[in-house]
Amino acid sequence: LGAVGIQGKSSNILSRAVGVEETVDVDVAMESPLPEDIYLLCSDGLSRMATDDEILETINSAPDLEAAVKQLIDLANSRGGRDNITAILVRVQAPKLS
């Protein structure tokens, strides 16, 4: 916020970020989700503190997605939590037929 002229104790808060360059390369993958597929959207605060295998194992062993998110954040924090940690898990459900 300080970059846009806001001063005070909140001026160090980041309000938006996509990259630091004028243009940003975005990775795009087109998938056809299947029922029970799980998607993880996370910040580098998680992905830099845990391996892909650890993340997968945590998700698969948790009783539900809410517990898995908490365990993933706890894992990153236990390793030092050097950055903000954001994680969202979504499970694809089969369409309901009426």
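1. Confidence by element. Among the elements of the protein, helix H3 has the highest mean pLDDT, 97, and helix H1 the lowest, 91. The model is a predicted one, so these values give the predictor's confidence in each residue. Over the whole protein the average pLDDT is 84, and 80% of the residues score at least 70.

2. Elements and their order. The protein contains three helices and two strands. Read from the N terminus, the order is β-α-α-α-β. Among the contacts between residues at least 6 apart in sequence, 62% join residues at least 24 apart. Of the 98 residues in the protein, 18% are buried.

3. The nonpolar core. In soluble globular proteins, nonpolar side chains tend to be buried together. Here the largest nonpolar core has 15 residues, and those with the most contacts inside it are Leu-46, Ile-55, Ile-59, Leu-72 and Leu-89. At least two residues of this core come from each of helix H2 (52-61), helix H3 (65-78) and strand S2 (87-91). H3 gives the largest share of this core, with six residues.

4. Leu-46. This residue is part of helix H1, which covers residues 44-47. Is Leu-46 buried or exposed? Leu-46 counts as buried because its relative accessibility is 0%, and the cut-off for buried is under 20%. Setting aside residues up to four places away in sequence, Leu-46 touches Leu-40, Ile-55, Leu-72, Ala-76, Ile-85 and Ala-87. One of these partners, Leu-72, is 26 residues from Leu-46 in sequence, yet the two C-alpha atoms are 7.3 Å apart in space.

5. Ile-59. Ile-59 is also listed among the core residues with the most contacts inside the core. Not counting residues up to four places away in sequence, Ile-59 touches Ile-38, Ala-68, Leu-72 and Leu-89. Leu-72 therefore appears in the contact list of Ile-59 and in the contact list of Leu-46.

6. Packing of H2 and H3. Two packed helices are described by the angle between their axes and the distance between the axes. What are these values for H2 and H3? The axes of H2 and H3 come within 8 Å and cross at roughly 145 degrees. The crossing of the two helices is right-handed. From H2, the residues in the contact are Glu-54, Ile-55, Thr-58, Ile-59 and Ser-61, and from H3 they are Ala-68, Gln-71, Leu-72 and Leu-75. By type, the residues of this contact divide into five nonpolar, three polar and one charged.

7. Thr-58. Thr-58 lies in helix H2 and takes part in the contact with H3. Thr-58 is buried because its relative accessible area is 11%, and buried means under 20%. Apart from neighbours within four places in sequence, Thr-58 is in contact with Ala-68, Gln-71, Leu-72 and Leu-75.

8. Glu-36. Glu-36 sits in the segment before strand S1 (38-42). Phi of Glu-36 is near 80 degrees, which is a positive value in a residue other than glycine. Is Glu-36 buried or exposed? Glu-36 is exposed because its relative accessible area is 53%, and exposed means over 50%.

Notes
Residues are numbered from 1 along each chain as its sequence is written. Side-chain values use heavy atoms; hydrogens and water are left out. Helices (H or I, at least four residues) and strands (E, at least two) are DSSP runs, numbered from the N terminus. Buried means under 20% relative accessible area, exposed over 50%, partly exposed in between (1.4 Å probe, protein chains only). Contact means heavy atoms within 4.5 Å. A nonpolar core is a set of buried Ala, Val, Leu, Ile, Met, Phe, Trp, Tyr and Cys residues joined through side-chain atoms within 4.5 Å. pLDDT is the predictor's confidence in each residue, from 0 to 100. Axes are lines fitted to C-alpha atoms, for helices over the stretch in contact, and angles run from 0 to 180 degrees between N-to-C directions. A crossing is left-handed if the near helix is turned anticlockwise from the far one by less than a right angle, and right-handed if clockwise. Ala, Val, Leu, Ile, Met, Phe, Trp, Tyr, Cys and Pro count as nonpolar, Asp, Glu, Lys and Arg as charged, and the others, Gly among them, as polar.
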